[in-house]
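Got your viewer open? Load the model, set it to cartoon, and keep the selection box handy for a short walk.

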Amino acid sequence: MDNSNSNSSAPAALSPYADNLLIQNNLSRSKDRFKPLNSPYVGLYVCGPTVYSNVHLGNVRTFLTFDVIYRYLCQLGYNVRYVRNITDVGHLVGDADEGEDKIGKMARLQNLEPMEIVQRYTNDFHDVMRMFNILPPSIEPTATGHIIEQIEMIEAIMKNGFAYQAGGSVYFDVRKYAEQHDYGTLSGRKIDDLRSATRDLDGQSDKRDPLDFALWKEANETHLMRWPSPWSIGFPGWHLECSVMSTKYLGKSFDIHGGGMDLKFPHHECEIAQNVGAYGDETPPVGYWVHGNMLTVNGRKMSKSEGNGFTPDELISGNHKLLERGYSPMTVRFFMLQGHYAGTLDFSNAALQAAEKGLTRLMAAWSAIEGLAAIDVATATAAPGVAAAGEIDVESLRNRCYAAMNDDFNTPILIATLYDGVKWINSAKDGRLAITVEQKSGLADLFNTFAKDVMGLSFEDGSTGADDDRTDGLMALICDMRASAKSDKNWAMADEIRDQLAAIGVQIKDGKDGATWTFD
Ligand code: AMP
Ligand code: ZN
């Protein structure tokens, strides 16, 4: 997949497999056939990180989930505009409406500007995304870059009667909204149950009802992040930014909204209420709500506050009490893809070690494809003891791979299906199964599509199997040329080749059976 084209403005040719994609839609609570509002264009919004600390492996799981969904939609030929925001203001400690801003607090603790905190952890987030081969989105907007739009949305909600000013703050009026709309439509929560489970206002808050949530908060003197607004010098509520940035870039109704399962309530429920409160409900704001499930450790959600989260750097070095040793990013990527995104996934050293073995087997087979000795289909007669090429059915394997991904992005089934290909490749490599030129190129294409483009697996040195084989071929050619220079007694040329290769980190060693080479 050439991802540079995936979000260009030219309509892509849709794959026939695109007709059968089913997505678990948490709004309808059923697996729905995917029908974009404006095919072949697809709008995808995913809640991004709050950039106040290093990303932990749990966060990586959520972004990986949506990376694979994005990759697969592109693979089907959709023209995807993928918006993933950066939360750099408004997310308060405790995830509700009181307390310090997470970023502001960190800035105070480290004696830095809030924007220094934002930049530091945004850079870290990008490094981690690259490390795990997670593609960048088409647009990565920030909450602080959209204060004016947030103020405008508050004004629209107020004009429609679903928000009120109290002091210098503005709150969403959940009770008023619920008179006309269904608050709880996504999470299935009932407003009466919510109310009985919520503590009464303690006199500290100027809300009318404990269920109301902040759209704008007046900043006290110590609050670092502050902007002027019609109501006060203050800052926007956390839920508002996603309503604003998703609709600004994808329209008032768009196709897919994603995020971690923990954001379903209240964050996503509040987003729906804000969108409907501002723009009405003639069309639902979002067609498909998709939630990635949590990475857990001994059954508990991995999180900063639980103290059971480790960073990708710790994972690679193995330098953490939960880790028996270090693991590579691709091992972790593969480990995560071995579970379906909608189920919880429990971290363990045993599971990572099994994933490492499984990945090695898959990658070894993939890189062996190019070197397989294929037979010409017209003259194909299998030798004694060799199974006929007819055993290999690449077309049916391809159909099964698409069927797995079309069934709500089922990567564990996809991996199991690719292993059928691995078996054929290994048998052909060992001379137990004949393989035709067409089958060989079909398998190479299949692995390129599903292992590389869809699952985003890459060889740890950044190459692909095909690249490794190409390097082997090129080096064999260079070594042959140097051998013939030597047999012509052209010592200067032979030395020149050796020295030039050494200068770029390739060491040639002459032995009695010819030259061998290694990278520095
Ligand atoms: P945050 O930076 O806390 O706003 O989280 C960024 C994203 O990571 C959100 O979509 C969260 O749902 C997700 N997330 C946080 N913890 C985990 C976890 N243990 N497993 C999977 N996703 C998580
Ligand atoms: Zn969000």
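How many helices and strands does the protein chain have? In this predicted model, the chain has 16 helices and 15 strands.

**Stop 1: the whole chain**

Keep everything in view for a moment. Along its principal axes, the C-alpha trace spans about 90 × 50 × 45 Å. Colour by accessibility and you'll see that buried residues make up 52% of the 520 residues. Of the contacts with a separation of 6 or more, 74% come from residues 24 or more positions apart.

**Stop 2: a four-stranded sheet**

Now select strands E5 to E8. They make an open sheet of four strands in the order E5-E6-E7-E8, with antiparallel pairing. Which strands sit at the edges? Those are E5 (163-166) and E8 (234-236), each of which pairs on one side only. Ignoring direction, neighbouring strands of this sheet are turned by 20° against each other on average.

Walk across the sheet pair by pair:

- E5 and E6 (residues 169-172) are antiparallel and share four bridges. Pick Gln-165 and you'll find Val-170 of E6 opposite.
- E6 and E7 are antiparallel too, with three bridges. Show Tyr-171, whose bridge partner in E7 is Ala-214.
- E7 and E8 run antiparallel and are joined by three bridges. Here Glu-218 has Gly-234 in E8 as its bridge partner.

Stay on E7 a little longer: the strand is mostly covered, with five of its six residues buried. Then add helix H4 (residues 147-159), which packs on the sheet and touches E5, E6, E7 (213-218) and E8. The direction of H4 makes about 120° with that of E7.

**Stop 3: a lysine on helix H7**

Next, select Lys-248, which is found in helix H7. Is Lys-248 buried or exposed? Neither: its relative accessibility is 43%, so Lys-248 counts as partly exposed. Leaving aside neighbours within four places in sequence, Lys-248 is in contact with His-146 and Glu-149. Draw a C-alpha to C-alpha distance from Lys-248 to Glu-149 and you should get 8.5 Å, although the two are 99 residues apart in sequence.

**Stop 4: the zinc ion**

Select ligand 2, the zinc ion, and show its donors as sticks. Which residues coordinate the zinc ion? They are Cys-47 through SG, Cys-242 through SG and His-267 through NE2, at 2.0 to 2.2 Å. Along the chain, the donors follow the spacing C-x194-C-x24-H. The two cysteines link distant parts of the chain, 195 residues apart: Cys-47 is in the loop between strand E3 (41-46) and helix H1 (57-75), while Cys-242 is in helix H7 (residues 238-250). Both Cys-47 and Cys-242 are buried.

**Stop 5: His-91**

Jump to His-91, in the loop between strand E4 (79-84) and helix H2 (102-110). Why does His-91 count as buried? Its relative accessible area is 8%, and the cut-off for buried is under 20%. Leaving out neighbours within four places in sequence, His-91 is in contact with Thr-50, Asp-101, Lys-102 and Trp-238. Zoom in on Thr-50, since that's where to look for a polar contact: the side chains of His-91 and Thr-50 make one at 2.7 Å.

**Stop 6: ligand 1**

Select ligand 1 and show what lies around it. How many residues surround ligand 1? There are 16, and the closest are Gly-58, Thr-62, Asp-262, Leu-295 and Met-302. Try these distances:

- From a nitrogen atom of ligand 1 to a backbone N or O atom of Gly-58: 3.0 Å.
- From a nitrogen atom of ligand 1 to an N or O atom in the side chain of Thr-62: 2.6 Å.
- From an oxygen atom of ligand 1 to a backbone N or O atom of Gly-260: 3.2 Å.

**Stop 7: Ser-303**

Finish on Ser-303, in the loop between strand E12 (300-301) and helix H9 (312-317). Ser-303 is buried, with a relative accessible area of 11%. Setting aside neighbours within four places in sequence, its contacts include His-56, Asn-308 and Gly-309. For a last long line across the model, connect the C-alpha atoms of Ser-303 and Gly-421: they are separated by 38 Å and lie 118 residues apart along the chain.

Note on methods
Residues numbered from 1 in each chain as written. Chains lettered and ligands numbered in written order. Predicted model: local features only at pLDDT ≥ 70, side-chain atom pairs only at ≥ 80, totals over all residues. Heavy atoms only, no water. Pairing = 2+ DSSP bridges. Axes fitted to C-alpha atoms, helices over the stretch in contact; angles between N-to-C directions. Contact = heavy atoms within 4.5 Å. Donors = N, O, S within 2.8 Å, 3.2 Å for Na, K, Ca; no water. Buried < 20%, exposed > 50% of the residue type's maximum accessible area, 1.4 Å probe, protein only. Near = heavy atom within 4 Å. Polar contact = N/O pair within 3.5 Å; in protein donor to acceptor, adjacent residues only side chain to side chain.
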